[in-house]
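Me: Please take a close look at one part of this model, the packed helix pair and the sheet that follows in the text, and set it beside the rest of the structure. Keep it plain, and say what the values rest on.

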Amino acid sequence: MRIRPRFFIGVSLIAAAIGYLIYSSIRTTSEYYLTVPEVAARQAELGGQAIRVAGRVKPGNIAWDPNSLTLKFEIAPIPDIDANGAPVKPVSALAADPASFRVIAAGEPKPDMFAPGRDVIVEGKLTADGTIAATQVMTSCPSKYRPKQAQ
Amino acid sequence: MPQLGNLALAIALILAVYSIVANIYGARRNLPDFVVSARHALWAMCAMVTIAVVVLWSALLRSDFSLEYVAAYSSTTLPTVYKITSLWGGQQGSLLFWTWLLSIFTSIAAFQNRRRNPDIAPYALAVLAGVAIFFLLMLNFVTRPFELLATVPAEGSDLNPLLQNYWMAIHPPSLYTGYVSATVPFAFGAAALITGKLDDGWIRSTRRWAIFSWFFLTLGNMFGARWAYEVLGWGGYWAWDPVENAAFMPWLVMTAYLHSVMIQERKDMLKVWNLALIGLAFGLTLFGTFITRSGVISSVHSFTQSGLGPYFLSFLIVVTLAYTSLLIFRSKELRSPAEFESYLSREAAFLFNNLMLVGIAFAVFWGTIFPVLSEAVRGVKITVGPPFFNRVNGPLALGLVFLMGIGPLIAWRRTTASNLVRSFAAPVAIGVATGIVAAAAGLRQWYVLTAFSLAAFVLGTVIVEFRRGMNARRHMVSEPRAKALVNLVAKNNRRYGGYIIHIGTIVAFVGIVGSSFFRTEVKKSVHAGESFTIGSYTLRFQGLDESDTPHLESATALVEVLRPDGREITTMSPAKLFYKRPQQPATKVAIRSTPFSDLYVVLAGIDDSGQTATFEVFLTPLVFWLWAGGLMMVLGTVVVMWPNVRERAAIATALSRSSTDARELADATPGGN
């Protein structure tokens with residue numbers, strides 16, 4: 001297949017346009033995807049940045065107010081070895097002290113599967129006082145789940 | 001019984017290996033007996049895999065919990081239909097199901113080519129057997145469906161409640177059928193490369209397979225979107241999740257392929273491109289399975305992490321390297337004497353349509369693997385969500401729609417200015433008028449205005465095409481309009497079926513644009529008797545209706561929907577469910593759909609007293625048209641695939657004369673433009 005030079009120009013222009021579109025969109029829409037220990041380690045540089053944090057809902061300290069649709073809880077690191085297969089590999093180098101962060105999600109209904117001990121992905125921003133102001137809380141709901149043997 | 005399943009899978013593996021050897025040996029040494037026995041081996045392989053499937057199905061239906069798979073994905077109380085669907089509810093079963101489809105399609109391809117394509121068919125069947133070997137190796141050694149449990153539990157742990165709905169019966173099989181049937185054209189493309197028979201024989205022989213695959217990929221994606229919309233309760237139908245992307249990318253590439261093969265058939269151009277596209281489509285089906293099975297990319301509905309990832313990745317790499325080497329090896333022979341002559345030609349429009357489709361596929365691919373790439377390069381995982389995909393694909397979709405209007409009306413090779421004016425004056429006028437009307441109606445977003453204008457433009461071009469065809473018919477044979485229209489489509493089903501698919505795509509596109517830009521959402525906690533509004537609707541919460549069965553507990557909210565004048569339209573009943581085994585809550589969405597907009601009510605929560613309920617309500621305009629457009633795409637594809645009676649008859653007559661004539665006739669493209 002030969003393509004005449006002027007066709008080559010047309011094809012390259014379109015390819016370049018698509019490439020640029022991808023490049024610029026990545027820049028403006030990307031967000032850090034971090035584990036709880038990684039957030040702890042990078043706390044200083046994350047202020048105001050859109051982040052997604054994968055962690056586990058810490059039992060206790062969970063408050064749900066259905067009138068204002070506000071969910072407050074604490075998110076803790078997912079243990080390294082997880083029998084169920086946690087979706088996120090923690091970066092071992094950053095597995096510092098098991099820190100946890102307070103999450104405040106306002107204006108969103110509580111997800112069905114939300115419960116203490118569940119793995120969640122929290123989308124939002126880290127505020128100055130170290131709280132995560134969440135715009136979304138997603139529970140990892142495996143579409144093909146593996147039931148626990150002890151049942 | 002489980003031993004029977006294991007035995008059948010082992011024999012199937014041996015048969016597949018034998019089939020490769022016999023096919024290649026027979027074809028190289030010109031020993032037809034070996035090729036025949038290789039074909040029989042493939043049929044026997046299909047029979048063996050079928051036995052394995054029957055064994056697993058019977059174990060599921062008999063609730064034989066001595067099998068680990070049955071204990072993990074079924075239970076005695078599971079309704080029969082879900083026991084059947086449990087075959088693809090878990091990993092081992094879905095791989096077995098995949099292998100089963102592959103062996104069936106391979107057998108059909110072997111049957112179809114028992115006299116046709118003696119040069120390339122043995123190699124194509126060898127490639128199909130090679131793919132089957134990979135899956136059979138997995139089933140025999142890595143993820144065995146007939147693994148027994150040491151202690152037999154009294155009860156199974158049931159199929160995930162999220163999978164217990166009728167979509168489970170139709171969505172995965174459609175998608176798998178689409179995925180797996182793409183292997184057939186791929187195998188014939190690979191065979192063309194291996195043998196050096198690089199004319200378009202492989203394309204013609206597998207055209208129906210490619211359309212068949214595209215048909216089921218379309219269905220699979222549509223069903224998946226509809227499933228998400230009806231069941232998941234977030235008001236949308238597409239979240240650009242890796243699992244969805246994995247199904248979307250092969251569809252895009254197959255769409256590109258179906259268009260670009262027309263250029264090869266007509267103009268003998270783009271040979272390398274077509275071979276590359278079909279290779280890419282097949283590679284993406286493997287890639288999809290890899291990302292969903294490996295846990296490399298986290299998805300909101302992440303699958304169980306399993307050891308399958310490395311195997312799929314290795315197989316993907318081997319296939320990619322082998323196929324690319326073949327392409328490079330044959331690159332000189334693949335040069336086409338023909339050239340693109342003008343930007344204003346149908347082949348140019350098709351070329352750019354291909355660029356757009358592959359560009360979208362690439363953007364989706366890039367966005368999907370970006371977290372992995374960024375972690376490898378920068379040491380930190382960076383994700384891109386729906387905003388990325390929408391920003392990139394929005395403009396590309398507009399370009400694609402524009403080309404969809406241009407392509408069918410523009411002439412091959414080159415077009416004159418007067419020709420352009422004659423063809424496009426009316427459609428352009430329709431498009432511009434639509435834009436003006438939309439702007440006058442108060443729409444201001446540039447994207448929406450452009451999208452609606454372009455959509456109207458494309459519909460205009462299709463109408464012009466249908467009119468032209470009808471007038472031509474009525475000129476030759478005097479027929480009433482309706483009859484002319486029916487005959488036009490019936491006699492040129494490939495072409496006009498294609499236009500029906502285009503109309504469906506445009507209708508779906510309008511639905512997507514409308515639902516993406518104009519969706520409104522209200523979240524509200526209310527006491528019984530209170531009401532709230534969304535759009536022009538008033539919703540009054542009447543109260544909760546609770547029930548408790550051994551299977552599940554449920555709370556149903558009764559919501560009266562009122563018009564502004566206070567007239568009641570309907571009562572909707574969204575519910576919250578709580579499955580008892582495994583203990584898991586779920587949401588039942590209530591949807592009231594009209595062509596104008598969908599009212600989508602989710603009972604997001606209830607407080608302990610049972611007096612207050614939290615609702616999440618979405619008003620989504622035009623989403624109806626997404627599903628309507630999908631239905632039209634499906635109908636159009638049926639028209640395209642419909643066996644052309646005259647074509648059949650001609651082939652049959654020729655068959656009785658000589659097989660060579662028949663092959664030529666079968667290869668000819670009646671109804672093509």
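**A helix pair, a sheet and their surroundings**

Reply: Starting at the N terminus, the elements of chain A follow the order α-β-α-β-β-β-β-β-β. That makes two helices and seven strands for chain A. The model is predicted, and everything below is computed from it. Of the 151 residues in chain A, 32% count as buried. Strand β2 (residues 50-57) of chain A is largely enclosed by the rest of the structure, because seven of its eight residues are buried. Its partner is strand β1 (residues 30-35) of chain A; β1(A) and β2(A) pair in the parallel sense over four bridges. One residue pair can be named here: Y33(A) has R52(A) in β2(A) as its bridge partner.

The part you asked about is in chain B. Helix α19 (residues 493-517) and helix α20 (residues 623-641), both of chain B, pack with their axes 7 Å apart and at an angle of about 170°. This angle makes α19(B) roughly antiparallel to α20(B), since angles over 145 degrees count as roughly antiparallel. The crossing of α19(B) and α20(B) is left-handed. By class, their contact holds 18 nonpolar residues, eleven polar ones and one charged one.

α19(B) can also be taken by itself. Its 25 residues should span 36 Å at 1.5 Å a residue, and the C-alpha atoms at its ends are 36 Å apart, so the two figures agree. α19(B) is mostly covered, with 21 of its 25 residues buried. For another helix of chain B, α2 (residues 32-61), the same kind of check can be made: its 30 residues reach 43 Å from first C-alpha to last, close to the expected 44 Å. Just after α2(B), S63(B) has a positive phi of about 50°.

Next, the sheet. Four strands of chain B form an open sheet in the order β2-β11-β10-β9, and their pairing is antiparallel. β2 (520-527) and β9 (590-593) of chain B are the edge strands, each pairing on one side only. On average, neighbouring strands of this sheet are turned by 20° against each other, direction ignored. At one edge, β9(B) pairs with strand β10 (residues 597-606) of chain B in the antiparallel sense over four bridges. Within that pairing, A590(B) stands opposite V601(B) in β10(B). As background, strands of a sheet pair through backbone hydrogen bonds, either parallel or antiparallel.

Two single residues elsewhere in chain B add to the picture. T383(B) lies in strand β1 (residues 382-384) of chain B. T383(B) counts as buried because it has 23 C-beta neighbours inside 10 Å, where 20 or more are needed. Its C-alpha is 8.8 Å from that of V372(B), and the two residues are eleven apart in sequence.

The other residue is L162(B), in the loop between α6 (121-142) and α7 (167-181) of chain B. L162(B) has 21 C-beta neighbours inside 10 Å and therefore counts as buried. Between the C-alpha atoms of L162(B) and I501(B) there are 32 Å, with 339 residues separating the two along the chain.

How values were computed. Residues numbered from 1 in each chain as written. Chains lettered and ligands numbered in written order. Predicted model: local features only at pLDDT ≥ 70, side-chain atom pairs only at ≥ 80, totals over all residues. Expected span 1.5 Å × (residues − 1). Axes fitted to C-alpha atoms, helices over the stretch in contact; angles between N-to-C directions. Parallel < 35°, antiparallel > 145°, perpendicular 65-115°, else oblique. Left-handed = near helix turned anticlockwise from the far one by under 90°. Nonpolar A, V, L, I, M, F, W, Y, C, P; charged D, E, K, R; others polar. Buried ≥ 20, exposed ≤ 12 C-beta atoms within 10 Å, placed from the backbone. Pairing = 2+ DSSP bridges.
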